[in-house]
Amino acid sequence: MSATRAEIAVVAVAELFRGDGEIVASPMGLIPSLGAKLARLTFEPDLLLSDGEAYLVDENGVVEGWQPFRKMLDTIVPHGRRHVVMGANQIDRYGNQNISAIGDHARPKKQLLGVRGAPGNTANHRTSYWVPRHSKRVFVDAVDVVSGVGYDNAAKAGLKFHDVHRVVTNLGVFDFATPDHTMRAVSLHPGVTAAEVAQASGFEIDCGGAPVSREPTAEELRLIREVLDPKGLGDKEVPS
């Protein structure tokens, strides 16, 4: 059975948590949630899954523990014991993320969520991003509002625990492990070319030597299709 693009993305998100151990995973959205659950069911069994509000849950949504907001702020966030996967309406070459507004700050064309918890997330613990549609509207030369802090602004602010880990999209996986902390390709999903990434990005992304993203194992594919996403909702978010 060949994997769909959505299933490739789920595995790529699961890989974000490899080696994290017993920390709180806060995946936001369908594909991030499926990826975190897959990681827990396979190579990261100690991962703590958050429902995003007040509880720690297992891969079936059964409550395992109470996680009030104050406890999260007092004991988890300041000590880096969390890996959050957020979305991004805009993201730039240094990993600055915008979920607040599009256009001039004084008179934006479109009001979005607001910065929400993005500044605290990127200042205190590992943060990754999920973008279901890699395009020039999202991958911009400079974000209109800095919600999540990128590497250039983190350096200016002297942030001690800043760690923007990866960006997973429908085209590939990207990180910032370059001398100047600009975005590069870690892997491209099967069938995706460097030219396709360039055409869909508003700035240059180094794709040189990027391997093909790994496909799910037979067991991972079974878990995705039979246990985690039997209705195939992921394929609606990320068509092949």
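# A tour of two cores, a pocket and some buried polar residues

Start with the largest nonpolar core: among its 28 residues, F17, I31, L38, L47, W130 and V168 touch the most other members. Select those six in the viewer. The model is predicted.

Next, colour three helices. α1 (5-16), α2 (30-41) and α7 (218-228) each supply at least two residues of this core. Which helix gives the most to this core? The answer is α1, with eight residues. As a general point, nonpolar side chains in soluble globular proteins tend to be buried together.

Now centre the view on W130. Apart from neighbours within four places in sequence, W130 is in contact with A9, I31, P32, V85, M86, G87, A88, V168, T169, N170, E237 and V238. Keep A88 in mind for the pocket below. There is also a second, separate core, made of 25 residues, and V131, V138, V192 and I205 are included in it.

**The second largest pocket**

Turn to the second largest pocket, which holds about 320 Å³ of space. It is lined by 17 residues, and those closest to its centre are A88, N89, Q90, R137 and V138. Select these five to find the place. What classes of residue make up the lining of this pocket? Eight are nonpolar, five are polar and four are charged.

**N98**

From Q90, move to N98, because the side chains of these two residues are joined by a polar contact of 2.9 Å and N98 is buried, with a relative accessible area of 0%. N98 sits in strand β7 (residues 97-98). A further link runs from the N98 side chain to the backbone oxygen of A101, at 2.7 Å. Show the surroundings as well: leaving out residues up to four places away in sequence, N98 touches A88, N89, Q90, V143, D144, V145 and S147. Three of these names, A88, N89 and Q90, are also among the residues closest to the centre of the second largest pocket.

**D92 and Y94**

Select D92, in the loop between β6 (90-91) and β7. Is D92 buried or exposed? Its relative accessibility is 5%, so D92 counts as buried, the cut-off being under 20%. Display its side chain and look for two backbone nitrogens: that of Y94 is reached at 2.9 Å, and that of N96 at 3.0 Å. With neighbours within four places in sequence set aside, D92 is in contact with V140, D141, A142, V143, F176, M183 and F203. V143 is on the contact list of N98 too. For a pair far along the chain, pick D92 and V146: they are 54 residues apart in sequence, and their C-alpha atoms are 9.8 Å apart in space.

Y94 belongs to the loop between β6 and β7. Y94 is partly exposed, with a relative accessible area of 26%. Leaving aside neighbours within four places in sequence, Y94 is in contact with G150, Y151, D152, F176, D180, H181 and T182. F176 also appears among the contacts of D92. Now pick Y94 and D152, which lie 58 residues apart in sequence but 6.2 Å apart in space, C-alpha to C-alpha.

**Last stop: D20**

Finish at D20, in the loop between α1 and β1 (24-27). D20 has a relative accessible area of 14% and is therefore buried. Not counting residues up to four places away in sequence, D20 touches E44, L47, H83 and R126. L47 leads back to the start, being one of the residues that touch the most other members of the largest nonpolar core.

Note on methods
Residues are numbered from 1 along each chain as its sequence is written. This is a predicted model: local features need pLDDT of at least 70, side-chain atom pairs count only at pLDDT 80 or more; totals for chains, interfaces and linings use all residues. Side-chain values use heavy atoms; hydrogens and water are left out. On a 1 Å grid over the protein atoms alone, a cavity is a set of points where a 1.4 Å probe fits but cannot get out, and a pocket is an open set with protein on both sides within 12 Å along at least five of seven lines; lining residues have an atom within 4 Å of a point. Grid points are joined across faces, edges and corners, and a volume is the space filled by probe spheres set on the points. Ala, Val, Leu, Ile, Met, Phe, Trp, Tyr, Cys and Pro count as nonpolar, Asp, Glu, Lys and Arg as charged, and the others, Gly among them, as polar. Helices (H or I, at least four residues) and strands (E, at least two) are DSSP runs, numbered from the N terminus. Buried means under 20% relative accessible area, exposed over 50%, partly exposed in between (1.4 Å probe, protein chains only). A polar contact is a pair of N or O atoms within 3.5 Å; within protein, one must be able to donate a hydrogen and the other to accept it, and residues adjacent in sequence count only if both atoms are side-chain atoms. Contact means heavy atoms within 4.5 Å. A nonpolar core is a set of buried Ala, Val, Leu, Ile, Met, Phe, Trp, Tyr and Cys residues joined through side-chain atoms within 4.5 Å.
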